[in-house]
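Visitor: Please show me how to read the strands and the core in a model like this one.

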Amino acid sequence: FVMLTIYWRDMLNNILPEGADGIIVVFENECNPTFTYEINGPRVKYLGREDAYKPNPKFKKYSISSNLWSLGSFDVRERKITRAPLEEDICQFTLTAYPSQSLYDEHHTSERYVYTAGAILIFTFTSALFIAYDSLVERRQRKVMQ
């Protein structure tokens, strides 16, 4: 039996660019404690050995969850992991990512309504301008034909 220790903080470090802040990542499996991290750009902050993040229920629909089935598909600091085949049925980690409140607040704004109203106003103005132009050209055409 072989055991492997993975420092999740090192795996998450420098995976996002500066300014991509507020992603909460929870690693959980049946054999080990749950680990919670917050990713703020290239920096990672350890939040605790349990599911330290209690998301707002409205954030649940924005969460992404994935099973980490094969460590052979990951690079660690640009070095390939060479290994014997792992037992796929034992202690598989599940990674769940949530937005933090700050990330949600940054991207959930009322600007979409302003842009929608602006697009509708531009479309309405253009349509009215076209109808006015068409009626003027039609009136001129009638005068020329008389």
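Guide: Let us begin with one pair of residues: Leu68 has Phe93 as its bridge partner in β7, where strands are DSSP runs (E, at least two residues) numbered from the N terminus, as helices are (H or I, at least four). This is a predicted model, in which local features need pLDDT of at least 70 and side-chain atom pairs count only at pLDDT 80 or more, while totals for chains, interfaces and linings use all residues. Residues are numbered from 1 along each chain as its sequence is written, and side-chain values use heavy atoms, leaving out hydrogens and water.

Visitor: Which strands pair with β7, and over how many bridges?

Guide: Two strands pair if DSSP finds at least two bridges between them. Here β4 (residues 64-68) runs antiparallel to β7 over 5 bridges, and β1 is joined to β7, also antiparallel, by 6 bridges, with Phe27 opposite Leu95.

Visitor: Is β7 mostly covered or mostly open?

Guide: Buried means under 20% relative accessible area, exposed over 50%, and partly exposed in between (1.4 Å probe, protein chains only). In β7 (residues 93-99), 5 of the 7 residues are buried, so defined.

Visitor: Which residues form the largest nonpolar core?

Guide: In soluble globular proteins, nonpolar side chains tend to be buried together. A nonpolar core is a set of buried Ala, Val, Leu, Ile, Met, Phe, Trp, Tyr and Cys residues joined through side-chain atoms within 4.5 Å. The largest one here has 10 residues, including Phe27, Tyr37, Leu68 and Phe93. At least two residues come from each of α1 (8-12), β1 (21-28) and β2 (35-40), and β2 gives the most, with 3.
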